[in-house]
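User: Could you take a close look at one helix-helix packing in this model for me? I'd like the local picture first and then how it sits in the whole chain.

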Amino acid sequence: MTALVYLAASVAEIAGCFAFWAWLRLGKSPLWLAPGVVSLMLFAWLLTRVDSDAAGRAYAAYGGVYICASLIWLWAVEGVRPDRWDVGGAALCLVGTCVILLGPRTA
């Protein structure tokens with residue numbers, strides 16, 4: 001379930017941030033901000049759904065998923081194919097995500 005929440009959160013965050021990017025950098029209408037703000041609120045709510053004992057740990061683990069989703073966005077929405085350095089860096093981040101999520105915890 002955590003993976004699905006992280007995936008949904010990443011889409012919401014990237015879409016929300018892209019709305020601001022479109023307005024400020026691409027000259028789109030300020031009306032782009034309304035769905036952008038809603039999307040960012042959805043992102044924040046989704047991260048509270050992650051089963052974690054600490055918010056910081058949930059956010060840290062989410063970082064790797066966000067990076068991978070950003071590269072998929074780069075390719076699918078912006079039409080820029082990630083290069084080998086993008087892919088290698090994303091893979092490294094996912095390893096970090098797995099260490100954070102799956103590492104043994106002592107109470």
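Analyst: A quick definition before the details: a helix here is a DSSP run of H or I with at least four residues, and helices are numbered from the N terminus. Keep in mind that this is a predicted model.

With that in hand, Leu7 sits in helix α1, and that helix is one half of the packing I'd zoom in on. Two packed helices are described by the angle between their axes and the distance between the axes. For helix α1 (residues 2-25) and helix α3 (residues 55-76), the axes come within 9 Å and cross at roughly 60 degrees. The handedness of this α1 and α3 crossing is right-handed.

Who does the touching? On the α1 side, the contact is made by Tyr6, Leu7, Ala9, Ser10, Glu13, Ile14, Ala15 and Phe18. Helix α3 answers with Arg57, Ala58, Ala61, Tyr62, Val65, Tyr66, Ala69, Ser70 and Trp73. Sort the residues of that contact by type and you get 13 nonpolar, two polar and two charged.

Back to Leu7, since it is one of the α1 residues in that contact. Is Leu7 buried or exposed? Its relative accessibility is 47%, and because partly exposed covers the range between 20% and 50%, Leu7 counts as partly exposed. If you want a distance to check in your viewer, try Leu7 to Pro35: they are 28 residues apart along the chain, and their C-alpha atoms are separated by 19 Å.

Now the partner helix and the annotation. UniProt, in an unreviewed entry, places "transmembrane region" at residues 29-47, 59-76 and 88-104. In the model, residues 59-76 are 100% helix and 0% strand, with the end C-alpha atoms 25 Å apart. Residues 88-104 come out at 88% helix and 0% strand, and there the end C-alpha atoms are 26 Å apart.

Zooming out, the protein has four helices and zero strands, so the element order, read from the N terminus under that DSSP-run definition, is simply α-α-α-α. The C-alpha trace spans about 50 × 35 × 20 Å along its principal axes. Of the contacts with a separation of 6 or more, 63% come from residues 24 or more positions apart. Buried residues make up 28% of the 107 residues. As for the surface, the protein exposes about 7100 Å², and carbon and sulfur atoms supply 71% of it.

Key
Residues numbered from 1 in each chain as written. Predicted model: local features only at pLDDT ≥ 70, side-chain atom pairs only at ≥ 80, totals over all residues. Heavy atoms only, no water. Axes fitted to C-alpha atoms, helices over the stretch in contact; angles between N-to-C directions. Helix = DSSP H or I, 4+ residues; strand = E, 2+ residues; numbered from the N terminus. Left-handed = near helix turned anticlockwise from the far one by under 90°. Contact = heavy atoms within 4.5 Å. Nonpolar A, V, L, I, M, F, W, Y, C, P; charged D, E, K, R; others polar. UniProt positions renumbered as here; feature names shortened; annotations may be inferred. Buried < 20%, exposed > 50% of the residue type's maximum accessible area, 1.4 Å probe, protein only. Areas by Shrake-Rupley, 256 points an atom, 1.4 Å probe, with all protein chains shown as cover.
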